[in-house]
Each structure stands twice: as C-alpha cells, then as structure tokens.
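This report walks through one protein model, taking up its metal site, its helix packing and a few individual residues in turn. The sequence and the coordinates are shown first, and the description follows.

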Amino acid sequence: MEKINLEKYKGIIFDMDGVIYDISEAIKKAVDDSVEKYDMNVNPDEVMEEIAHLIEEIQNYPIPKILLNSYDLLKVKFLEGISFFKKLRIAIFMFNQFNKYKDDESTIFKGIDDLISKLAKNVKLAILTNNKSQYAEEVLKKFNLSNYFSTIIGFNDVTEVKPNPEGILKILNKWDLKPSEAIFIGDMTTDIEAGKAANVKMICVASGLAQKETLREHHPDILVDNTDELIKVFDF
Ligand SMILES: [Mg+2]
C-alpha cells in the first residue's frame with residue numbers, strides 16, 4: 001500500500017461522519033426498525049449505503065427543503081414500488097429513529113484520536129462536513145479533539161456541499177496552501193469526487209457505510225478498509 005510521507009504535506013482535511021465519528025450503528029438500528037415496522041422486503045446490509053447517502057443529504061436540509069425535494073430524494077432503490085406517501089412516512093420514521101439513536105450509539109473510531117493528535121504535531125488539521133459545523137464542533141468537544149482542528153467547515157459555510165470542492169478550496173485558501181500540499185480523508189463517493197475536483201491527495205476509508213467496490217470505482221488515490229489501515233498509511 002502507498003505510504004504518505006508527511007514532509008510533503010502541510011494540511012489534512014477530515015470528513016466527520018464515517019472517518020472520525022462512527023454513526024453506522026445508529027443507521028443500522030434505524031434501518032432495522034423501519035424494515036420491521038413497515039414490513040419491508042429488503043436486506044438491511046444491501047441498503048445501508050443508499051440510506052447513509054440519503055441521511056447525509058437530508059441532515060443538512062431544513063424541513064421545507066426536504067419536503068420540496070422529497071419526490072426526488074425518495075427515488076431510491078430500497079423504496080421502489082412503494083407509494084409516495086408511504087415512502088415519505090418510512091423515510092421520516094427512519095430519520096427520527098436515526099436521530100434517536102445517534103448520540104448514544106455513536107462514538108469515535110478506535111485509534112482515530114491518537115492519529116489526530118500525532119498528525120496535529122506535523123500539519124494543520126480541518127474538518128469538512130456536509131452536516132452543520134456546530135454538530136462537528138460538539139462531537140469534537142465531546143471527545144476532547146477540538147484543540148487539534150483550526151478550521152471547521154459545515155454546509156452552513158459553503159454555497160455548494162460535497163461533491164463540490166468548494167469546502168476544500170475554502171480551507172486551502174484560508175491556510176494559503178496549494179492542493180498538492182493537502183490531503184482529504186473521507187468515506188463516501190461524494191468525498192472522493194470533492195477531493196479529486198480540488199486536486200488534493202484523496203484517502204478513502206471504507207469504514208462501513210459505503211461498499212468498498214463502489215468506492216474503488218471512484219478511484220481515490222488511496223483506499224483503506226478501516227481506521228487501523230488508515231493509521232498505517234502515515235509515516236511518522
Ligand atoms: Mg462521511
């Protein structure tokens with residue numbers, strides 16, 4: 001596997017959910033509850049990726065925007081063949097369950113805090129999330145990671161969220177760095193697209209929500225299976 005020589009880089013941008021914060025249990029439980037309540041004929045493992053994308057997308061929308069866009073948002077495979085209003089009921093139920101589980105079932109990936117503290121001694125660190133910046137701040141604070149990040153960018157700080165590279169470019173601009181001096185670490189295809197469009201080194205962690213094969217098809221510079229492998233990518 002390709003190793004990263006940190007001397008070549010001055011800044012690293014982290015995605016939050018799926019890279020630092022593990023929300024997969026909350027999503028799994030929300031899916032299981034929905035499958036049971038609505039007697040849906042789907043395999044939860046197979047729909048996780050689609051639902052993770054959906055949740056990531058609607059998390060940052062105000063309710064009117066969700067409703068306005070609900071017809072398109074709900075054109076997802078796992079809800080195919082179901083009437084629109086039932087789709088809406090299922091999606092709202094699932095999203096509520098997810099929010100119910102999120103705080104108690106989610107924690108940071110094991111070892112990611114050590115990696116962050118080591119990296120912070122060598123390079124600048126930032127967070128880029130499609131969620132609210134305040135949410136990222138709260139999670140970092142809860143796990144004593146706030147001091148390591150000089151910049152946090154959420155959907156509220158950009159006009160276009162990932163896969164648009166705007167957030168990455170904004171951070172590079174703030175740091176006064178060239179794309180070749182920065183790394184972006186994400187876990188979804190939207191992260192890979194954003195990283196490639198910004199021309200930074202893109203590391204993708206297949207930490208559970210997206211299928212590794214799907215991620216590979218989007219050609220990140222480096223693709224790893226989990227946090228343990230991510231830690232091994234860096235040469236300290
Ligand atoms: Mg993510």
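Along the chain, the donors of the magnesium ion follow the spacing D-x1-D-x169-D. The model is a predicted one, and in it the protein donors of that ion are Asp 15 through OD, Asp 17 through O and Asp 187 through OD, lying 2.0 to 2.1 Å from the metal. Of these donors, Asp 15 and Asp 17 are both buried.

**Strand β2 and its surroundings**

Ile 12 belongs to strand β2. Its relative accessible area is 0%, and Ile 12 is therefore buried, since that class takes in values under 20%. Which residues does Ile 12 touch, not counting those up to four places away in sequence? The partners are Leu 6, Leu 119, Val 123, Lys 124, Leu 125, Ala 126, Trp 175, Ile 183, Ile 185 and Phe 234. Ile 12 and Phe 184, which are 172 residues apart in sequence, have C-alpha atoms 5.9 Å apart in space.

Strand β2 (11-14) also takes part in covering the buried residues of α5, and the cover further includes β4 (107-108), β5 (124-128), α10 (227-233) and β10 (234-235). The buried residues in this helix, which spans residues 112-120, are Ile 112, Leu 115, Ile 116, Ser 117 and Leu 119.

**Packing among α1, α2 and α4**

The geometry of the helix pairs is set out below.

| Helix pair | Angle | Axis distance |
|---|---|---|
| α1 (residues 24-37) and α2 (residues 44-59) | about 115° | 10 Å |
| α2 and α4 (residues 84-105) | about 85° | 11 Å |
| α1 and α4 | roughly 145° | within 8 Å |

For the pair α1 and α2, the angle of about 115° makes the two helices roughly perpendicular to each other, because that class covers angles from 65 to 115 degrees. The crossing in which α1 passes α2 is right-handed. On the α1 side, the residues in contact are Ser 24, Ile 27, Lys 28, Val 31, Asp 32 and Val 35, and these meet Pro 44, Val 47, Met 48, Ile 51, Ala 52 and Ile 55 of α2. Sorted by class, the contact of α1 with α2 holds 9 nonpolar, 1 polar and 2 charged residues.

Helices α2 and α4 are likewise described as roughly perpendicular to each other. Here Ile 51, Ile 55, Ile 58 and Gln 59 in α2 meet Met 94, Phe 95, Phe 98 and Lys 102 in α4. The contact of α2 with α4 has 6 nonpolar, 1 polar and 1 charged residues by class.

The crossing of α1 and α4 is right-handed. From α1, the contact draws on Glu 25, Ala 26, Ile 27, Lys 29, Ala 30, Val 31, Asp 33, Ser 34 and Lys 37, while α4 contributes Ile 90, Phe 93, Met 94, Gln 97, Phe 98, Tyr 101, Lys 102 and Glu 105. By class, the residues in the contact of α1 with α4 divide into 9 nonpolar, 2 polar and 6 charged.

**Backbone features in loops**

In the loop between α1 and α2, Asp 39 has a phi near 50°, which is a positive value in a residue other than glycine. Is Asp 39 buried or exposed? With a relative accessible area of 69%, Asp 39 is exposed, because that class begins over 50%.

Asp 176 also has a positive phi, of about 60°, although it is not a glycine. This residue lies in the loop between α7 and β7 (182-186), and at 68% relative accessibility Asp 176 counts as exposed.

A cis peptide bond, with omega about 15°, joins Lys 162 and Pro 163. Pro 163 is placed in the loop between β6 (151-153) and α7.

**Lys 174 in helix α7**

Helix α7 (residues 166-175) contains Lys 174, which is exposed, with a relative accessible area of 58%. Leaving aside residues up to four places away in sequence, Lys 174 touches Ser 150 and Thr 151. Lys 174 and Lys 124 are separated by 50 residues in sequence, and their C-alpha atoms are 11 Å apart in space.

Conventions
Residues are numbered from 1 along each chain as its sequence is written. This is a predicted model: local features need pLDDT of at least 70, side-chain atom pairs count only at pLDDT 80 or more; totals for chains, interfaces and linings use all residues. Side-chain values use heavy atoms; hydrogens and water are left out. Axes are lines fitted to C-alpha atoms, for helices over the stretch in contact, and angles run from 0 to 180 degrees between N-to-C directions. Helices (H or I, at least four residues) and strands (E, at least two) are DSSP runs, numbered from the N terminus. Angles under 35 degrees count as roughly parallel, over 145 as roughly antiparallel, 65 to 115 as roughly perpendicular and the rest as oblique. A crossing is left-handed if the near helix is turned anticlockwise from the far one by less than a right angle, and right-handed if clockwise. Contact means heavy atoms within 4.5 Å. Ala, Val, Leu, Ile, Met, Phe, Trp, Tyr, Cys and Pro count as nonpolar, Asp, Glu, Lys and Arg as charged, and the others, Gly among them, as polar. Donors are N, O and S atoms within 2.8 Å of the metal (3.2 Å for Na, K and Ca); water is not among the atoms, so sites may look incomplete. Buried means under 20% relative accessible area, exposed over 50%, partly exposed in between (1.4 Å probe, protein chains only).
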